[in-house]
Amino acid sequence: MNDDSSSVGPAASGAKQERPRSLAQRILDDPVEVLVGGLFHRRLHPTLVETHRAARLQSTDPSDLLAELLPSGEPPIGSLAGEFEEAARALSARERPGLRFAARTAFLRGEAWVLYALVRRQRPEVVVETGVANGHSSSVLLEALRRNERGRLTSFDIEPGAGELVPPELRDRWDLRILPARRPAPAFERAMEGLERIGLFLHDSDHSYEWMELEFRSAWGKLAPGGFLAADDIDWSYAFIDFARKVGVQPYVLVEASKPFGILARAAAKPTATPAEPKGSG
Ligand SMILES: C[S@@+](CC[C@H](N)C(=O)[O-])C[C@H]1O[C@@H](n2cnc3c(N)ncnc32)[C@H](O)[C@@H]1O
């Protein structure tokens, strides 16, 4: 599975450092990008080459990301893969014609697998997602929490009736919040203020620059040490790349069906130093 040929661009490399250029140098290097790009930056879309440049690792193979994000621990990734297959089969069996949201809105399999493994391994108490639609990602996250026998998922959408695919037996760990469609921001920000120590935050809602930025800003400070901020469709705007740069964290990017899904890992808490033995004790 860990096949280099599946990587987009150079295979998993360590942190890449790009030398910052002065504004004058950037204008000299590429005046069109600086002048036009500066004006329309929030309406432009990064290419996969740009997401790769910004990333710590970009790959088409979920195993590459999991090897970096979950290097060792219990349960082994192999045993989780079997569980995930079972959950994915049960979810497909619930799909039917006439669901409220188009099938193309659904989460892709590799993305779902990465999220499932993160939740099973990290065992978070608090998981948050935005963008429920028929409930593909919600079902996968809730199934992982059910297996963990701990944690709750808070999901946000603006459409009443979102989440049809989530079965009754997975709903007891679920807080589904429907935001006012015309002005979702105040209710979303208020709800986020009430959440603490988020182990995983997943963005899959409105992909405009402004909304993505608002979500990332609300979520980042609330992430538990070692927590993850994940976002689908990070090529719909520069919001994810810009945010990653702003907080100084290089993303892990999974490219599936030509679309990039990004993850930022928040640094784990530093172990507290053991106080030195007082001299002459004992
Ligand atoms: C791509 S779909 C989500 C797919 C879902 N994650 C899945 O796996 O099936 C996007 C969803 O975001 C919702 N949405 C759009 N704007 C939103 C906002 N500002 N806040 C929360 N949800 C929003 C839409 O109603 C839609 O259900």
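Start by selecting helix α10, residues 239-247, in this predicted model. Color Ala 239, Phe 240, Ile 241, Phe 243 and Ala 244: these residues of the helix are buried. To see what they pack against, add α3 (48-54) and α9 (209-220), along with the strands β6 (223-231) and β8 (259-265). Then step just past the end of α10 to Gly 248, where phi is positive, near 70 degrees.

You already have two strands on screen, so bring up the rest of the sheet. Eight strands make up this open sheet, and reading across it you pass β1-β7-β8-β6-β5-β2-β3-β4, with mixed pairing. At the edges sit β1 (57-59) and β4 (174-178), each of which pairs on one side only. Going from one strand to the next, the twist averages 15 degrees.

Zoom in on the β1 edge. Here β1 pairs with β7 (residues 252-256) in the parallel sense, over three bridges. Pick Gln 58 and you will find Val 253 of β7 standing opposite.

Now show helix α6, residues 109-122, which packs on the sheet. The helix touches β2 (126-130), β5 (198-203), β6, β7 and β8, and its direction makes about 145 degrees with that of β7.

Last stop: the ligand. Which residues come closest? Select Phe 107, Gly 131, His 136, Ser 137 and Ser 205, the closest of the 22 residues that surround the ligand. Both α7 (136-148) and β3 (152-157) supply at least two residues each to this shell. If you color the shell by residue class, you will get 11 nonpolar, seven polar and four charged residues.

Technical notes: Residues are numbered from 1 along each chain as its sequence is written. This is a predicted model: local features need pLDDT of at least 70, side-chain atom pairs count only at pLDDT 80 or more; totals for chains, interfaces and linings use all residues. A residue is buried if 20 or more other C-beta atoms lie within 10 Å of its own, exposed if 12 or fewer, and partly exposed in between; C-beta atoms are placed from the backbone. Helices (H or I, at least four residues) and strands (E, at least two) are DSSP runs, numbered from the N terminus. Two residues are in contact if their C-beta atoms, placed from the backbone, lie within 7 Å. A residue is near a molecule or strand if its C-beta atom, placed from the backbone, lies within 6 Å of it. Ala, Val, Leu, Ile, Met, Phe, Trp, Tyr, Cys and Pro count as nonpolar, Asp, Glu, Lys and Arg as charged, and the others, Gly among them, as polar. Two strands pair if DSSP finds at least two bridges between them. Axes are lines fitted to C-alpha atoms, for helices over the stretch in contact, and angles run from 0 to 180 degrees between N-to-C directions.
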